[in-house]
Amino acid sequence: MAHEHDHTEFQADTEGPELTETQLREIAMRELLIEKGVLTAEQIRVQVEAWEQKTPALGGKIIARAWEEPEFKKRLLEDGTAAVAEYDVGMGDLELKVIENTPEVHNVVVCTLCSCYPRTILGLPPAWYKSFNYRRRVVREPRKVLAEFGTKLSDDIEVRVHDSTADLRFLILPLRPEGTEGMRQEELADLVNRDSMIGVSLPRKPS
Ligand code: FE
């Protein structure tokens, strides 16, 4: 039977039985922490479960608020780290930079080195985000990669790619879709899909 893939081809290289160096390091570190009595296996399990249950919902809330409240948007763009602090999501030592899409410039995020991602706001990154294929290609041919995600931008829109680092995470503030005037913030937040905050897609249009 044919093996079914979803529309991205980026997932392929994250599959497979071999452990990566990072995975091996994680296992070694975890076993050491348990052996030394620093953490229990149960504590680690609970934390991993908590991480896996995080969703991009908070991101949608933040974006919808920025669309509705100019004063919040200004603060968000000036100092993302400080603006999201009131949502009780510790960024730790990380800096959050929010980048606004405009009718002239579309922005997209990658971590070319590994998989840096604003996890406290968007949850765990999708498999394709971590794939070598995405990381390499979106830098070289962003327009083509975006088209493969179904995001076709007209030629007069400039595409900028932003490379995350261990200390700096990006969140895209997408353009507010047309026809959303008068919608409540909760309704707006529902239009903000995860991928639009990474920049590979646009928010949903109101139905
Ligand atoms: Fe990274």
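Here are some notes on this predicted model, taken one element or residue at a time.

1. Let's begin with the length of helix 3, which covers residues 57-68. With 12 residues at 1.5 Å a residue, helix 3 should span 16 Å, and its end C-alpha atoms lie 17 Å apart, so the two values agree.

2. How many of the 12 residues of helix 3 are buried? Nine are, so helix 3 is mostly covered, taking buried to mean under 20% relative accessible area. The buried set consists of Leu-58, Gly-59, Gly-60, Ile-62, Ile-63, Ala-64, Arg-65, Ala-66 and Trp-67. You will notice that Arg-65 is listed among these buried residues.

3. Next, the partners of helix 3. Its buried residues pack against helix 4 (70-78), helix 5 (80-85) and helix 6 (119-122), and also against strand 4 (168-173), helix 10 (185-191) and helix 11 (194-198).

4. The pairing with helix 4 deserves its own point. The axes of helix 3 and helix 4 come within 5 Å and cross at roughly 120°. That angle makes helix 3 oblique to helix 4, because 65 to 115 degrees would count as roughly perpendicular and over 145 as roughly antiparallel. The crossing of helix 3 past helix 4 is left-handed. On the helix 3 side, the contact is made by Ile-62, Arg-65, Ala-66 and Glu-68; helix 4 brings Pro-70, Phe-72, Lys-73, Arg-75 and Leu-76. Sorted by class, this contact has five nonpolar and four charged residues, with no polar ones.

5. Further along the chain is helix 8 (residues 132-140), where Asn-133, Tyr-134, Arg-135, Arg-137 and Val-138 are buried. What do the buried residues of helix 8 pack against? Their partners are strand 2 (105-110), helix 7 (127-130), helix 9 (142-148), strand 3 (158-163) and helix 11. Helix 11 is thus a partner for the buried residues of helix 8 and for those of helix 3.

6. Is Ile-34 of helix 1 (residues 21-35) buried or exposed? Ile-34 is partly exposed, because its relative accessible area of 34% falls between the 20% and 50% cut-offs. Not counting residues up to four places away in sequence, Ile-34 touches Leu-39, Thr-40, Ala-41 and Ile-44. Gly-199 is 165 residues from Ile-34 in sequence, and their C-alpha atoms are 39 Å apart.

7. Finally, a loop residue: Ala-166 sits between strand 3 and strand 4. Leaving aside neighbours within four places in sequence, Ala-166 is in contact with Leu-94 and Cys-116. Its C-alpha atom is 9.2 Å from that of Leu-113, although 53 residues separate the two along the chain.

Terms used. Residues numbered from 1 in each chain as written. Predicted model: local features only at pLDDT ≥ 70, side-chain atom pairs only at ≥ 80, totals over all residues. Heavy atoms only, no water. Helix = DSSP H or I, 4+ residues; strand = E, 2+ residues; numbered from the N terminus. Expected span 1.5 Å × (residues − 1). Buried < 20%, exposed > 50% of the residue type's maximum accessible area, 1.4 Å probe, protein only. Contact = heavy atoms within 4.5 Å. Axes fitted to C-alpha atoms, helices over the stretch in contact; angles between N-to-C directions. Parallel < 35°, antiparallel > 145°, perpendicular 65-115°, else oblique. Left-handed = near helix turned anticlockwise from the far one by under 90°. Nonpolar A, V, L, I, M, F, W, Y, C, P; charged D, E, K, R; others polar.
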